[in-house]
Amino acid sequence: MTVSYTLKVANSRFGGFSKLLFRWKGSIYKLLYKEFIVFVVLYTMLSLVYRWLLTEEQKRLYTKVAQYCNRSTDLIPMSFVLGFYVTMIVNRWWAQYTSIPLPDQLMCVISSNVHGKDERGRILRRTLVRYANLSAVLILRSVSTRVLKRFPTMDHVVEAGFMTQDERKKFESLHSDFNKYWIPCVWFTNLAAQARRDGRIHDDVALRLLMDELNLYRAKCSMLFHYDWISIPLVYTQVVTIAVYSFFAFCLIGRQFLEPLEPGQEGDLDMYVPLSTLLQFFFYAGWLKVAEQIINPFGEDDDDFETNKLIDRNLQVSLLSVDDMYQNLPPAVKDKYWNESVAQPPYTMATAAETLKPSFLGSTFDMRMCEDTEQSQPAEASPSMPRIQTPLLSRFFTAASPAISIKNFGGASRGHPHLRHPRVDSGFPSPYPNRSEDPESVARIEEEETEDEESQASEPTMPGSRLGGTQPLEASKTQRKEVPLIQVKAPSSESIRPDQLEAWEP
């Protein structure tokens, strides 16, 4: 029987787990006491032999051997090997429990979709759930020793009511070298298809829903079979067992009290009872016994699954749901909160304090916003808003040349759309916001740009231009005029002489 102590630990209190230490059934003491007694007896025998039977020379030799064994215990990774192994065992243990087939979903689908209050309809529903329970009994007989002891032969299964004599003959007439737990599931599908043809199942959607639930039920039966068939690799279990046994074999020799090798040398404290070693044995060997107990939870240990109780429960509730509860409904009436907008169930005096606690509305619900009203005002992002350059990015921009050719710069920008020059009134900010600008130079730039655009619009063009595909006709025939240079103040506010500038020609 499974040992349940959930109620004992429902509330956390001082020494809550300490009360569990004095229980015997399902405890570590019951699992480990035999191995613990053997270890203590062997340790005591070695201690008595060392203290009373060995000569001085033999004691010196034994001391060297014991020191070697004590150093060897550090080479065995006990925590890693045992921790990973037990974690894998516990995950497998819980997965096996969730794979036990329960007919709850299947019986609800049968009760709602297989119709008929007459005897035929009742027989159909009861037979369908009986086939499902029969499949679970057959697979549990294959994996659980408790169920096999309860139903050692098929005669016991027939006598228990899970199978009729005719069904047993059909079952035994089908020869197969493999487990035949799936045969009742096939009977289920054929009977459901016959019920659909007879009109007991009204549509194909209901039949499909019934088949889906049966497939889930059968899949759990199959998982139990495979968990029983495919175990954790034997080599891993052997490695863990050898690691634990060899560790404590070294401890039997290496953890003994030893007299100092040299006279006058201070020795260790003589602890007749090696408390730390015994606790270490209790923890590591107990860890191994936990894995040994739950590696196959379908046995007869105290904490193994109560499969026989599950069989009884599943048969009883499934037959009750499809027979006595079929269309046996209480009258549908108005509920107690029919005229209330907010339903509030009453509390008892023991739980009245819970009404004073506010409901949880979210972790940021009570966060106080900034008191600055300007920060709370909505703001709309506009493409025309200037973008502010950070000081880190501004260092990557090169300084604009102080010598600017107005006409060549304008022509080049018209020929090459990627070569753009900054304007004062444009939306592009200057990479040097602290540099002073000469208003006369800016005005002159704008004036020459305007004149250049007007002259280009009025003059004919010729194809084959190198820059933009077009070129003024007069400019190609006349000599190129020398472009004046403009002085712009540098960031250091020092003027640059014209002889230091180089004219740029396209």
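The following exercises, with worked solutions, concern the predicted model shown above.

**Exercise 1. Overall composition**

Task: State how many helices and strands the chain has, and what percentage of the residues count as buried.

Solution. Step 1: the secondary structure consists of 17 helices and 2 strands. Step 2: the chain has 506 residues, of which 29% count as buried. Step 3: as for contacts between residues at least 6 apart in sequence, 73% of them join residues at least 24 apart.

**Exercise 2. An aromatic pair between two helices**

Task: Classify the pair formed by Tyr85 and Tyr236, and determine where each ring lies.

Solution. Step 1: the search of the whole structure yields 22 aromatic pairs. Step 2: for Tyr85 and Tyr236 the centre-to-centre distance is 5.2 Å and the angle between the planes is 80 degrees, an edge-to-face arrangement. The angle meets the criterion, because planes over 60 degrees apart count as edge-to-face. Step 3: Tyr85 belongs to helix α3 (residues 78–98) and Tyr236 to helix α11 (residues 234–254), so the pair links distant parts of the chain, 151 residues apart. Step 4: Tyr85 has a relative accessibility of 3% and therefore counts as buried. Tyr236, at 21%, counts as partly exposed, because the cut-off for buried is under 20%.

Task: Identify the residues that Val81 touches, and decide whether Val81 is buried or exposed.

Solution. Step 1: Val81 is also placed in helix α3. Step 2: its relative accessibility is 13%, so Val81 counts as buried. Step 3: leaving aside residues up to four places away in sequence, Val81 touches Tyr236 and Val240. Step 4: between Val81 and Val244 the C-alpha distance is 9.3 Å, with a separation of 163 residues in sequence.

**Exercise 3. An aromatic pair between two loops**

Task: Explain why the pair of Phe151 and Phe162 is edge-to-face, and locate both residues.

Solution. Step 1: the ring centres are 6.0 Å apart and the planes stand at 85 degrees, so the pair is edge-to-face. Step 2: Phe151 is in the loop between α6 (145–150) and α7 (154–159), while Phe162 is in the loop between α7 and α8 (165–173). The pair therefore ties together parts 11 residues apart in sequence. Step 3: both Phe151 and Phe162 are buried.

**Exercise 4. Helix α12 and its packing**

Task: Compare the span of helix α12 with its expected value, and name the elements against which its buried residues pack.

Solution. Step 1: α12 (residues 275–294) contains 20 residues. Step 2: the distance from its first C-alpha to its last is 28 Å, close to the 28 Å expected at 1.5 Å a residue. Step 3: the buried residues of α12 include Thr277, Leu278, Phe281, Tyr284 and Leu288. Step 4: the buried residues of this helix pack against α1 (28–53), α3 and α11. Step 5: Phe281 and Tyr284 also belong to one aromatic cluster, together with Phe36, Phe39, Phe247 and Phe248.

**Exercise 5. The cavity**

Task: Give the volume of the largest cavity and determine which element contributes the largest share of its lining.

Solution. Step 1: the structure holds 1 cavity of 30 Å³ or more. Step 2: the volume of the largest cavity is about 50 Å³. Step 3: among the residues lining the largest cavity are Pro101, Asn133, Val137, Phe162, Tyr217 and Ile311. Step 4: α5 (119–143) and α13 (307–324) are the elements that give two or more residues to the lining. Step 5: the largest share, 4 residues, comes from α5.

**Exercise 6. Charges over rings, and the region of Tyr326**

Task: Find which charged residues lie over the rings of Tyr50 and Tyr326, and describe Ser321 and Gln327.

Solution. Step 1: Lys59 places its charged end over the ring of Tyr50, at 5.7 Å from the centre. Step 2: over the face of Tyr326 lies Arg125, 3.6 Å from the ring centre. Step 3: Ser321, in helix α13, has a relative accessibility of 10% and so counts as buried. Step 4: Ser321 touches Met107, Ser111 and Tyr326, residues up to four places away in sequence not being counted. Step 5: Gln327 lies in the loop between α13 and α14 (391–394). Gln327 is not a glycine, yet has a positive phi of about 50 degrees. At 45% relative accessibility, Gln327 counts as partly exposed.

Key
Residues numbered from 1 in each chain as written. Predicted model: local features only at pLDDT ≥ 70, side-chain atom pairs only at ≥ 80, totals over all residues. Heavy atoms only, no water. Phe/Tyr/Trp six-rings, centres within 6.5 Å; stacked < 30°, edge-to-face > 60°. Buried < 20%, exposed > 50% of the residue type's maximum accessible area, 1.4 Å probe, protein only. Lys NZ or Arg CZ within 6 Å of the ring centre and 35° of its normal. Expected span 1.5 Å × (residues − 1). Contact = heavy atoms within 4.5 Å. 1 Å grid on protein atoms, 1.4 Å probe; cavity = no way out; pocket = protein on both sides within 12 Å on 5 of 7 lines; lining within 4 Å. Points joined across faces, edges and corners; volume = space filled by probe spheres on them.
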